[in-house]
Amino acid sequence: MTGLDWFVVLLYFAGLAGITWWVVAKNRDTADDFFLAGRSLGWFVVGASIFASNIGSEHLVGLAGSGATSGVALAHYELHAWCLLVLGWVLVPFYMRSGVYTMPEFLERRFSPSARWLLSLISLVAYVLTKIAVGIFAGGVVFGTLLPGLEVQIGSTVLNSFWIGSVSVVLLTGLYTVIGGMRAVAYTEAAQTIILLFGSLLLTLFGLQALGGWAELRTVLGPEMFNLWKPLVPAGVEGTWAPVREAGRMAWYFNGDYPWLGMLFCAPIIGLWYWCTDQYIVQRTLGAPSEREARRGTIFAAFLKLMPVFIFIVPGMIALALARTGRIGGLESMVGPDGQVIPHAAQAAFPLMVQHVLPSGIRGIVVAGLLAALMSSLAGAFNACSTLFTMDFYKQFRPDASQAQLVWVGRVATGVMILIALVWIPVIQGARGLYEYLQGVQGYLAPPIAAVFFFGVFNKRINARGCLAALTIGFALGIFRLAVDTPVSLGMDGFAGGYAPGSWLWIVNNIYFQYYSLLIFLVSSAVLVGVSYATDAPDPAQLRDLTFATMSEELRRESRASWTAIDVVNSGIVVALILGAYLYFNG
């Protein structure tokens with residue numbers, strides 16, 4: 001980092017400070033304003049904020065690292081831009097008409113208060129385990145790579161660059177989130193999106209230039225790294241139903257190299273949950289003034305969502321190619337003597353590219369983009385957590401609380417989440433496989449939520465008892481798998497080598513997380529439908545305008561009037577681009 005680079009980074013922070021100051025001047029101390037920006041966000045801010053919230057640490061660090069180790073396999077998740085179209089066209093009309101603050105609140109209106117509290121609790125825990133934990137870890141990785149010699153001594157304790165980066169990102173992000181609420185989060189994310197896209201695109205272009213172009217990248221890495229569809233078992237390995245993992249022979253459901261079966265059937269379940277029902281994302285659409293603005297925001301976000309394949313996965317692949325060819329010094333630590341990638345070292349692919357490929361000044365822009373992604377991801381998590389706690393717990397126990405009290409509690413809840421994030425640093429510091437960690441946790445918690453939301457909107461016969469049973473059993477299956485996996489993934493004492501081969505816990509731990517996630521979804525769906533049809537049908541009055549079958553003709557006309565041919569054409573372009581990517585990345 002040169003003086004010019006630091007100057008660019010300082011300009012970035014000055015811009016954030018300016019936006020925060022402007023937001024504070026506009027803010028009114030009401031719950032509507034603090035949690036949903038007064039429901040005044042236009043489509044550009046909605047779409048950019050959705051994108052910036054999603055494109056966080058797991059992409060900058062984990063996705064680029066996965067690109068170096070597995071090529072374009074994880075592009076499946078980035079090509080889930082179609083899920084944003086489902087949000088805008090299918091679910092946004094229900095969310096906007098209900099006027100809710102949170103997704104659990106919508107679930108209460110469709111089913112029962114118990115469903116709301118259960119989903120709120122699970123969501124809060126999930127945000128700590130995924131969004132906040134991963135954001136902290138990635139902040140430390142980025143600072144540790146770019147400023148490896150940075151140290152600060154406090155008394156007898158020496159904090160290295162990992163700790164300095166983690167704590168700095170958490171505190172700075174928490175500060176403007178506490179002060180400005182959702183409006184500050186949304187508008188800073190809109191600005192951060194521009195910086196992030198511009199900086200990351202420059203990294204891809206400079207990387208390709210250093211390597212010799214796209215054709216050279218394909219030559220160095222080979223066709224397999226450009227194949228979205230991985231086999232059920234690796235080449236040269238015999239697949240079997242028996243629970244074994246031996247040289248040349250393994251259970252097909254143990255293969256974790258992103259097999260096509262899991263990507264085709266499981267990944268969309270996680271995608272639909274994340275993009276269509278998760279508070280972290282959907283809260284931005286709730287801040288729009290109308291169904292039209294919310295829908296157009298999701299379409300805009302879908303266009304932006306197609307970019308990570310080229311600005312995060314491809315730079316990771318370029319880093320591997322440069323390491324193998326030796327054309328740029330400083331990247332050789334990513335590969336072993338045989339030229340094969342070292343998975344742990346590959347986690348630093350993106351910051352290593354920033355450090356060794358970019359010229360002075362440009363490096364500062366990309367580092368600002370790195371910080372933007374890290375901070376926007378955490379800001380979204382902090383804001384979502386404070387909204388869930390305040391509106392789904394505190395307000396339920398204090399229904400007469402004033403608007404000022406709700407805002408104060410929201411700020412306190414954000415502060416508590418910041419403290420939890422700081423305490424969590426030592427735990428997540430020991431984890432390995434950042435993107436896989438995130439996808440695993442989401443894969444275990446998402447299926448029952450996706451089931452109750454989509455079945456609930458499309459089938460009026462689904463009732464509260466079925467919903468609660470599905471959530472309870474689905475979450476129990478997910479928590480059980482997390483309890484089995486966590487000691488191994490964190491390398492806790494006695495678990496460094498995993499469970500005893502052949503044991504039941506060893507089999508559970510080795511089943512590929514996507515297959516286990518699919519199992520949870522199928523079980524949850526069966527329980528949801530079975531219990532609902534075995535018990536009384538829900539009250540028709542409760543279902544009014546909350547399912548497709550119970551929508552009034554007036555609301556159908558209003559929803560139809562909210563979109564135009566332009567919205568349909570833009571949505572069609574998104575789908576065409578996705579299909580084009582699937583056709584191109586086939587090896």
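Reader: Are tryptophan 252 and tyrosine 515 buried or exposed?
Author: Keep in mind that you are looking at a predicted model. A residue needs a relative accessible area under 20% to pass the cut-off. In this model both tryptophan 252 and tyrosine 515 are buried.

Reader: How many helices and strands does the protein chain have?
Author: Let's step back to the whole chain. Its secondary structure adds up to 26 helices and five strands.
Then we can ask how the chain is packed. The radius of gyration is 23 Å and the globule rule gives 25 Å for 587 residues, so the chain is as compact as a globular protein of that length. The count you asked for is 26 helices and five strands.

Reader: What percentage of the 587 residues of the protein chain count as buried?
Author: For a sense of scale, the C-alpha atoms fill a box of roughly 70 × 60 × 55 Å along the principal axes. The chain exposes about 21,500 Å², with carbon and sulfur atoms supplying 68% of that area. Of the 587 residues, the part that counts as buried is 59%.

Reader: How far apart do the centres of the positive and negative side chains lie?
Author: Start with the two sets: the chain carries 33 positive and 32 negative side chains. Each set has a centre, and the distance between the two centres is 6 Å.

Reader: How many aromatic pairs are there in the count?
Author: Two rings pair if their centres lie within 6.5 Å. Counting that way, the number of aromatic pairs is 31.

Reader: Which kind of pair do the rings of phenylalanine 94 and phenylalanine 548 make?
Author: Their centres are 4.9 Å apart. Planes over 60 degrees apart count as edge-to-face. The planes of these two rings stand at 85°, so the pair is edge-to-face.

Reader: How many residues apart in sequence are the parts that phenylalanine 94 and phenylalanine 548 tie together?
Author: Phenylalanine 94 sits in helix 6 (residues 81-98), while phenylalanine 548 belongs to the loop between helix 24 (540-543) and helix 25 (553-561). Phenylalanine 94 is buried at 1% relative accessible area, whereas phenylalanine 548 is partly exposed at 30%. Since the pair joins helix 6 to that loop, the separation of the two parts in sequence, in residues, is 454.

Reader: At what angle are the planes of the rings of tryptophan 252 and tyrosine 515?
Author: Here we return to our opening residues. The ring centres of tryptophan 252 and tyrosine 515 are 5.2 Å apart. The pair is edge-to-face because the angle between its planes is 65°.

Reader: In which helix is tyrosine 515, the partner of tryptophan 252?
Author: Tryptophan 252 lies in the loop between strand 5 (249-251) and helix 11 (260-265). Its partner is 263 residues away, and both join a cluster of linked ring pairs that includes Trp241 and Phe513. Tyrosine 515 itself is in helix 23.

Reader: What is the phi of tyrosine 258?
Author: Tyrosine 258 is in the loop between strand 5 and helix 11. With 5% relative accessibility, this tyrosine counts as buried. Although tyrosine 258 is not a glycine, its phi is positive, at about 50°.

Reader: How many of the residues of helix 13 are buried?
Author: Helix 13 covers residues 279-286 and is mostly covered. Its buried residues include Gln279, Tyr280 and Arg284. Out of eight residues, the number buried is eight.

Conventions. Residues are numbered from 1 along each chain as its sequence is written. This is a predicted model: local features need pLDDT of at least 70, side-chain atom pairs count only at pLDDT 80 or more; totals for chains, interfaces and linings use all residues. Side-chain values use heavy atoms; hydrogens and water are left out. Helices (H or I, at least four residues) and strands (E, at least two) are DSSP runs, numbered from the N terminus. The radius of gyration is taken over C-alpha atoms; the globule rule is 2.2 Å times the number of residues to the power 0.38. Buried means under 20% relative accessible area, exposed over 50%, partly exposed in between (1.4 Å probe, protein chains only). Accessible areas come from the Shrake-Rupley method with a 1.4 Å probe; for residues, only the protein chains shown count as cover. Lys and Arg count as positive and Asp and Glu as negative; His and the chain ends are not counted. The place of a charge is taken as NZ of Lys, CZ of Arg, CG of Asp or CD of Glu. Rings of Phe, Tyr and Trp (its six-membered ring) pair if their centres lie within 6.5 Å; planes under 30 degrees apart count as stacked, over 60 as edge-to-face and the rest as tilted.
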